[in-house]
Amino acid sequence: MKTPANHREIHLISRPQGVPTQENFEVVEVPVPSAGTGEILVRNRWLSVDPYMRGRMNESESYVPPFALGERMEGGCVGEVVESRNNRFSVGDLVLGNKGWREYWTSDGEGVTKIDPSVAEPQNFLSILGLTGMTAWAGLKEIGKLKEGESVFVSAASGAVGSVVCQIAKLKNCRVVGSAGSAEKIAWLKTEAGVDAAFNYHDTDDVSATLAKLCPDGIDLYFDNVGGDHLAGAIDHMNDFGRIVCCGMISGYNDEKPMPGPANLFKIIGKRIRMQGFIVRDHQDLQAEFQKEMGAWIRDGRIVWKETITEGIENAPKAFLDLFGGDKMGKALVKV
Ligand SMILES: NC(=O)c1ccc[n+]([C@@H]2O[C@H](COP(=O)([O-])OP(=O)(O)OC[C@H]3O[C@@H](n4cnc5c(N)ncnc54)[C@H](OP(=O)(O)O)[C@@H]3O)[C@@H](O)[C@H]2O)c1
């Protein structure tokens, strides 16, 4: 395909107050950059939209710098090298980079890795074999120190991270309970992901009471993707010496004022609970081990995953907004 003169990229044009909207984004047409000496030109094929990007839409600094106003956004992507002036890459190579939210990009190759399409579909390197699969695997192994046969609770359990957490825990012979936001997601968790019990949190105004019924032997490990009432409910039912893996707290990402901490936090003292946050990129040294173990599970058909695909870069903002209340299942991806 001939490289066009112009391409589209998505800019952040205003910072959201509360829940983000389409008005925070703009599709902008700009000239396709050309590859300088030592550079490659890449045509994006797949973009990742992820909850952490919500934090980058705010002005305040978090563990990643904020997106600049009036500038294109960035994020995980898989693309094809269409021009190469760098001897590490050839035209036709598929590469993983962090220059999402646009159709074309250039790079000197720093931070860009080639992917092997014989291993999995290219977009899988943004989901099950990528950041979200790795987050599930590293969070359970390194932070949660999951042991065989434990009782595990997972929130946002049908999502990109949560669905993998549930299945790894099942592979370790654990009893797994998940929560998610629709009947369809609950059905998928029970029939496809093989969890032992699951509940739709919209159907209860008391997560703690629901957990009391679904986790009669308590919880040894809570993998927290949601925070808020899920975290408080889990604390109520944690067993002594349990671990809470703080992966994300999406229920508070759109709050205009910080949400209050769980009123029952003092219980972690008597129960001797270890609660630990983590950032997946701190565990990059384990990437090869992750790819090997996850690759074997995929080959043996021991793990399943879902991807919700939105077509067209102009629809990337909608795919992102759907992370906060849409009906997407598994990993949210945009096909460019
Ligand atoms: N620490 C790290 O390094 C790291 C890396 C990746 C992701 N994360 C975090 O892990 C969590 C999951 O990320 P993901 O990429 O796998 O996203 P995801 O679960 O695929 O998508 C987000 C899901 O969160 C649920 N959700 C949205 N608003 C909610 C609310 N108010 N209350 C309860 N659930 C809500 C929705 O599912 P329902 O329909 O079930 O509500 C939504 O589909 C996020 O908190 C994210 O920030 C952390």
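Two strands are taken to pair if DSSP finds at least two bridges between them. In this predicted model, 3 strands form an open sheet on that basis, in the order S2-S1-S4, with antiparallel pairing. The edges of the sheet are strand S2, residues 25–31, and strand S4, residues 71–72, each of which pairs on one side only.

Strand S1 covers residues 6–12 and stands between S2 and S4 in the order of the sheet. On one side, S1 and S2 are joined by 7 bridges in the antiparallel sense. Within this pair of strands, Arg 8 is placed opposite Glu 29 of S2. S1 also pairs with S4, again in the antiparallel sense, and here the pairing runs over 2 bridges. Leu 12 has Glu 71 of S4 as its bridge partner.

The surroundings of S1 were examined through residue accessibility, where a residue counts as buried at under 20% relative accessible area. Of the 7 residues of S1, 5 are buried, so the strand is largely enclosed by the rest of the structure. For the protein chain as a whole, 52% of the 336 residues count as buried.

The secondary structure of the protein chain comprises 9 helices and 16 strands. The three strands S2, S1 and S4 described above belong to one open sheet.

The overall dimensions were then considered. The C-alpha trace spans about 60 × 45 × 35 Å along its principal axes. The radius of gyration of the protein chain is 21 Å, which agrees with the value near 20 Å for a compact globule of 336 residues. Contacts were also sorted by separation in sequence. Among those between residues at least 6 apart, 67% join residues at least 24 apart.

The surface and the charged side chains complete the description. About 15200 Å² of the protein chain is exposed, and carbon and sulfur atoms supply 50% of this area. The side chains include 37 positive and 45 negative ones. The centres of these two sets of charges lie 3 Å apart.

Definitions and conventions. Residues are numbered from 1 along each chain as its sequence is written. This is a predicted model: local features need pLDDT of at least 70, side-chain atom pairs count only at pLDDT 80 or more; totals for chains, interfaces and linings use all residues. Side-chain values use heavy atoms; hydrogens and water are left out. Helices (H or I, at least four residues) and strands (E, at least two) are DSSP runs, numbered from the N terminus. The radius of gyration is taken over C-alpha atoms; the globule rule is 2.2 Å times the number of residues to the power 0.38. Buried means under 20% relative accessible area, exposed over 50%, partly exposed in between (1.4 Å probe, protein chains only). Contact means heavy atoms within 4.5 Å. Accessible areas come from the Shrake-Rupley method with a 1.4 Å probe; for residues, only the protein chains shown count as cover. Lys and Arg count as positive and Asp and Glu as negative; His and the chain ends are not counted. The place of a charge is taken as NZ of Lys, CZ of Arg, CG of Asp or CD of Glu.
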